[in-house]
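User: I should like to work through the reasoning behind the descriptions used for this structure. Please begin with the term that the first packing arrangement depends on.

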Amino acid sequence: MKKYLLPLLVLLSFSPLFGQDEVLKKLDSKADFYGDIARQIWSNPELGYLETNSSALLQKTLADAGFTVTAGVADIPTAFVAEYGSGKPVIGIMAEFDALPGVSQQAVAVRNPVVEGGAGHACGHHLFGAASVAAGISVMEWMKENNIAGTIRVYGTPAEEGGGGKVYIARAGLIKDVDTMIHWHPSSQNAAGATSSLANISTKFRFYGEASHAAAAPERGKSALDAVEAMNFMVNMMREHVPMETRMHYVITRGGEAPNVVPAFAESYHYVRHPNAMVVKEIFERMVKTAEGAALGTQTRMEYEVINGVYNLLPNETLARIMHKNLELVGGVTYTPEEKKFAEDIIKTYPAGVKVSPDDAAKIAPFVVSEEGGGGSTDVGDISWLVPTVGLGTATWVPGTSAHTWQAVAAGGMSIGQKGMVVAAKTMTLTAMDIFKDPSVTGKALEELNKRRGDDFTYNALVGDRKAPLDYRK
């Protein structure tokens, strides 16, 4: 009898390992369910901190599945935390759901806005939120079925696009007991390397002058627009004298109301980015000096408001290798003939010289480890300096598509986007399962985090002590 009992005990002790195929099959069976959630958010794009319907839909989906949901966390109406289980390890999955202004687009392969000048999901956060919720629910169901100890959380993080929702969630202490944080992002390729991003400070500079008749009494006016233009001229001169990895860009959000009225108020919205957060702070201080000089030279008054500030992503190779393994297991995105035709039509709209194929969506990028920031910025950066963090990108867009474009909105609103979303949900689910099955991974990941950030690291949010800018999109 003993010779039969021992193998049975071994089998039972590793029984959670045999839940993987069932979990993946269930995600496949619910692809349309989560795809419909994503499409609802895509069809009603809401800007940062204004995502009332999008957040409510994700919260309801989690609550209906059995999560305990706390809404309005960190004094942000659309932020939430959904939790299942208790004890260690605590694994978090982040969900975004904000849209971008001015990129409205139908799910077609030619430029065709739904609403001219309207908002659109050009960064795919409708897919981001739906996939993260799908992964959270899948992990929860697997934990129930296999009596797994620990806690799974889904964090609803608003206003990633320049509003820094995660910064305020971190500052409120809502992640202090998390052992591993998981995230993903829509992309034009499938990749799960240990890579970084650009730190960023974004600021609105406001100038106040005196209005006057621009023809009859120009000498009585003090032009706030002159101050904005003077500042922007000096900022552009700075480009020669900053580290080459720096990115600076701006828009004039207010320049006056009529040419024959000297503008009494004008505003310029600036970003400064660099792979190192401390370098960003130094360049930002120089940018403030240009604003002060512009105000002095035009006899206007200047105020500025830091809208957002985020750290660069701190990669974690320990976790990234687990996620990359799971991404390879799940595989990339394979197109139907109709999807391939859509992709070919999208590719025709790219600038000359972009050489890609629809078949690239099925490929998995090689594993890369790099702390050199590239591309854009994300408030995930702040989280990654506080908690071991891992993420991936999946081909929710046609290969070669740039984020923040109408092409990204179009693919994200049809089946190509849904397929990439399912790849992300599966990969995040398997990664969380692996960590629950071997919690010692969290200790190794924390050791790596401590080594990368250094012994003397103290977290100070780049936004200072300001409250979340809930009105920055209004």
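Analyst: Contact means heavy atoms within 4.5 Å. The model is predicted. On that criterion, Phe33, Tyr34, Ile37, Gln40 and Ile41 in H3 meet Ser54, Leu57, Leu58 and Thr61 in H4. The residues of this contact divide into six nonpolar, three polar and no charged.

User: What makes H3 parallel or antiparallel to H4?

Analyst: Helix H3 (residues 31-43) and helix H4 (residues 52-65) pack at about 160 degrees, their axes being 9 Å apart. H3 is therefore roughly antiparallel to H4, because angles over 145 degrees are counted in that way. The crossing of H3 and H4 is right-handed.

User: Why is the relation of H9 to H14 given the name it has?

Analyst: The axes of H9 and helix H14 (residues 440-453) come within 8 Å and cross at roughly 130 degrees. H9 is therefore called oblique to H14, because an angle must be over 145 degrees to count as roughly antiparallel, and 65 to 115 to count as roughly perpendicular. Glu317, Thr318, Leu319 and Ile322 of H9 make the contact with Val441, Lys444, Ala445, Glu448 and Arg452 of H14. These residues comprise four nonpolar, one polar and four charged.

User: Which strands are the edges of the six-stranded sheet, and what makes them so?

Analyst: The order in this open sheet is E1-E2-E4-E3-E5-E10, and the pairing is mixed. Strand E1 (68-71) and strand E10 (389-395) are the edge strands, since each pairs on one side only. Direction ignored, neighbouring strands of the sheet are turned by 20 degrees against each other on average.

User: How do you know that E1 and E2 pair?

Analyst: Pairing requires at least two bridges between two strands. Four bridges join E1 to strand E2 (residues 80-86), and the two run antiparallel; E1 and E2 therefore meet the requirement. Thr70 stands opposite Val81 in E2. Two helices pack on this sheet. Helix H9 (residues 317-330) touches strand E5 (180-187) and E10, and its direction makes about 30 degrees with that of E10. Helix H13 (residues 415-437) touches strand E3 (90-95), strand E4 (150-156), E5 and E10, with its direction at about 165 degrees to that of E5.

User: In what sense do E3 and E4 pair, and over how many bridges?

Analyst: E3 and E4 pair in the parallel sense over six bridges. The bridge partner of Ile93 in E4 is Val154.

User: What justifies the statement that E3 is mostly covered?

Analyst: A residue counts as buried under 20% relative accessible area, and six of the six residues of E3 are buried. In a regular strand the side chains alternate between the two faces of the sheet. Val90, Gly92 and Met94 are buried on one side of E3, and Ile91, Ile93 and Ala95 are buried on the other, so by that cut-off both faces are covered.

User: Why are E7 and E9 said to stand at the edges?

Analyst: The open sheet of four strands has the order E7-E8-E6-E9, with antiparallel pairing. Strand E7 (247-254) and strand E9 (301-310) each have a single partner strand, so one side of each is left without a neighbour in the sheet. The twist averages 20 degrees from one strand to the next. E7 and strand E8 (residues 265-274) pair in the antiparallel sense over seven bridges, and Tyr250 stands opposite His270 in E8.

User: Which strands does helix H7 lie across?

Analyst: Helix H7 (residues 224-238) lies across strand E6 (199-208), E7 and E8, running at about 15 degrees to E8. Helix H8 (residues 277-298) also packs on the sheet, touching E6, E7, E8 and E9, and its direction makes about 10 degrees with that of E6.

User: Is Asn147 buried or exposed, and what is the evidence?

Analyst: Asn147 has a relative accessible area of 70%, and because values over 50% count as exposed, Asn147 is exposed. Asn147 lies in the loop between helix H5 (125-146) and E4. Its phi is near 55 degrees, a positive value in a residue other than glycine.

User: Where does Ala74 lie, and what is the peptide bond from Lys88 to Pro89?

Analyst: Ala74 lies in the loop between E1 and E2, and its phi is near 55 degrees, again positive in a residue other than glycine. The peptide bond from Lys88 to Pro89 is cis, with omega near -5 degrees. Pro89 is found in the loop between E2 and E3.

Terms used. Residues numbered from 1 in each chain as written. Predicted model: local features only at pLDDT ≥ 70, side-chain atom pairs only at ≥ 80, totals over all residues. Heavy atoms only, no water. Axes fitted to C-alpha atoms, helices over the stretch in contact; angles between N-to-C directions. Parallel < 35°, antiparallel > 145°, perpendicular 65-115°, else oblique. Left-handed = near helix turned anticlockwise from the far one by under 90°. Nonpolar A, V, L, I, M, F, W, Y, C, P; charged D, E, K, R; others polar. Buried < 20%, exposed > 50% of the residue type's maximum accessible area, 1.4 Å probe, protein only.
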